[in-house]
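Please open the model in a viewer and keep the selection tool at hand. The tour below proceeds from one selection to the next and says what is to be found at each stop.

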Amino acid sequence: MTFNPHDAAVPTAPGRMPVLGHVPQLLRRPLPFMQSLRTVGDLAWIYLGPKPVLCVNTPDLLHRMLVTDGRKYDQGKYFDKIRETFGNGLPVSNGEFHQRQRRLIQPAFHRERIAEYVETMAASADAMAASWRPGQEVPLKQEALTLMLSMVAKTLFAADVSDRVQAEVRRSWTTVLKGLAWRSMAPTDALEKLPTPGNRRYERATGRMRAAVIGAVAEQRDSGKQDGSLLSMLLAARDAETGEGMSEEQVAAEIFLILFAGTETAGFMMVWLFYQLSRNPEIAARLYDEVDGVLAGRSPRIEDLGRLTYTRQLLTECLRLYHPGWMFMRRANTEVELGGHLFPRGTETLFSLYALHRDPRSFPDPLRFDPERWAPGAPQPMEGAYIPFLSGKRQCIGDGYAWAQMTATVAAIASRWRLTPVSDRPPRELPQALMCPDEARMVVTAR
Ligand code: HEM
């Protein structure tokens, strides 16, 4: 029997078009559309072309899907596209293989390792902040992305390889991300096979990035060096239960996706944070006091991360209001129950952390930037309402790493500079593979 989504008594979002479904709305006004779905129902169907996708719109249903029944769901359509391009790395792999890989990779993100990386991160952030001149106009997004990429590349690779890989990634980055976003939304896979200039650019860019990373992996293996880089750890890693290691191809897939996962998200937060500081002088003054008081002009160390509490409040609020994950997908690998309805194996589901974090039922006055929501003793939202690093078996493996990256960067900039946007308008929210701000040009003034 064919499954008919309407049997499940879950409403369909308005505006479905023949053949295209809701794709035109997703392309035209993606962020308002994603946020409108909570008013359709706790669960709602949308159609990507002819394909029904179940949108999960409340914290408790998301908790059920991601945590309680986490094993019943695999990564969905969007992740298939990434896997086709970059291989079966951690964010896209499923089942036992995913669990095994996670066990192998986890030690590289332990607290002791991050404590070692903090020094490299702080040195990179200091070098960027020290290179700016009073009165200079800096493209903050580009600077922040270059910085985050250099932090990840320097901790992933040995120093000599890092620069080469960074150069190639920087060159191909935008083309690859745009191509991925389009491929996950396209109503049919046939479009990506056409010899269009866009498809050709995508193939060339992904090919170049693959070659750079695979080359770096081979070089590291041939050198046999244990240089403390994440790459050398991955090559040496052995599963505690099976004693097995990873193939080179698998190591390359992991590296690709860690490069992706570890660069954009943290970079975007810097744009939103410094934009908000420029609009809220009292908040900025409190941050400067904290940075000056805790660090007194030196670079942060791991133990400072816990002391920079107001910095953390600010970042926590940025990750609420501007979460880059505007669209994530899952696929049921068995029959599942959700919200009192049964859905068959293969059901595609979708959720938006961007929309979840702006839900007025969880956050009063949700569009207001208010770090006091996270002050010690403030009432906390219900479980599952704020999950910037997700929850359950797919929780971000790099959360501790990300806090260190972001804190080191905020500290390096805020201890020297005050940033003033060149334009009066807020950065635009661009829903690409992740929701990113457009470029924010800032004039830097010595504090
Ligand atoms: C502010 C920064 C970051 C945010 C908001 C963030 C958020 C997330 C989220 C929401 C997921 C789950 C995606 C899904 O399964 O649908 C995820 C997974 C992941 N993240 Fe992060 N992330 C950040 C930084 C990082 C960094 C710095 C790294 C590594 C250096 C990293 C590596 C990963 C990896 C490897 C996964 C896949 C984990 C798995 O499926 O087992 N992330 N992240």
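A surface patch here is built from residues that have over 30% relative accessible area and no salt bridge, and nonpolar side chains are joined into one patch within 5 Å. The model under inspection is predicted.

**Stop 1: a nonpolar patch**

Select Leu27, Trp182, Leu191 and Leu194 and display their surface. These four residues make up a nonpolar surface patch whose accessible area totals about 330 Å². Now centre on Leu191, which sits in the loop between α8 (159-185) and α9. Leu191 counts as partly exposed because its relative accessibility is 30%.

**Stop 2: a positive patch**

Next, select Lys178, Arg200, Arg201 and Arg204, which together form a positive patch on the surface. Colour helix α9, residues 197-223, as well: three residues of the positive patch come from this helix, its largest share. Arg200 belongs to helix α9. With a relative accessibility of 44%, Arg200 is classed as partly exposed.

**Stop 3: helix α4**

Move to residues 77-86, helix α4. Is this helix mostly covered or mostly open? It is mostly covered, with eight of the ten residues in α4 buried. The buried residues are Lys77, Tyr78, Phe79, Asp80, Lys81, Ile82, Thr85 and Phe86.

Show the side chains of Asp80 and Arg83, which are joined by a salt bridge with an N to O distance of 3.1 Å. Both residues lie within α4, three residues apart, or about one turn of the helix. Asp80 is among the buried residues of α4, whereas Arg83 is partly exposed at a relative accessible area of 24%. Then step just beyond the helix to Gly87, which follows α4 and has a positive phi, near 95°.

**Stop 4: salt bridges elsewhere**

Over the whole structure, a search finds 31 salt bridges. Select Arg103 and Glu241 to view one of them, in which the closest N and O atoms are 3.9 Å apart. Why does this pair merit a look in the context of the sequence? Arg103 is in helix α5 (residues 95-105) and Glu241 is in the loop between α10 (230-236) and α11 (248-261), so the salt bridge ties together parts 138 residues apart in sequence. Arg103 is partly exposed, at 39% relative accessibility, and Glu241 is exposed, with a relative accessible area of 66%.

Now select Arg64, Asp69, Lys72 and Glu337, which are joined into one network by salt bridges that share partners. Within this group, zoom in on Arg64 and Asp69: they form a salt bridge with their closest N and O atoms 2.9 Å apart. How exposed is each partner? Arg64 is partly exposed, its relative accessible area being 26%. Asp69, by contrast, has 8% relative accessibility and counts as buried.

**Stop 5: the iron atom**

Finally, select the ligand and centre on its iron atom. Which protein residue supplies a donor to this atom? The single donor from the protein is SG of Cys396, 2.3 Å away from the iron. To place this residue in the chain, display the loop between α16 (353-356) and α17 (399-414), where Cys396 is located.

Note on methods
Residues numbered from 1 in each chain as written. Predicted model: local features only at pLDDT ≥ 70, side-chain atom pairs only at ≥ 80, totals over all residues. Heavy atoms only, no water. Patch = residues over 30% accessible without salt bridge, like charges linked within 9 Å, V, L, I, M, F, W, Y side chains within 5 Å. Areas by Shrake-Rupley, 256 points an atom, 1.4 Å probe, with all protein chains shown as cover. Lys, Arg positive; Asp, Glu negative; His and termini not counted. Charge placed at Lys NZ, Arg CZ, Asp CG, Glu CD. Helix = DSSP H or I, 4+ residues; strand = E, 2+ residues; numbered from the N terminus. Buried < 20%, exposed > 50% of the residue type's maximum accessible area, 1.4 Å probe, protein only. Donors = N, O, S within 2.8 Å, 3.2 Å for Na, K, Ca; no water.
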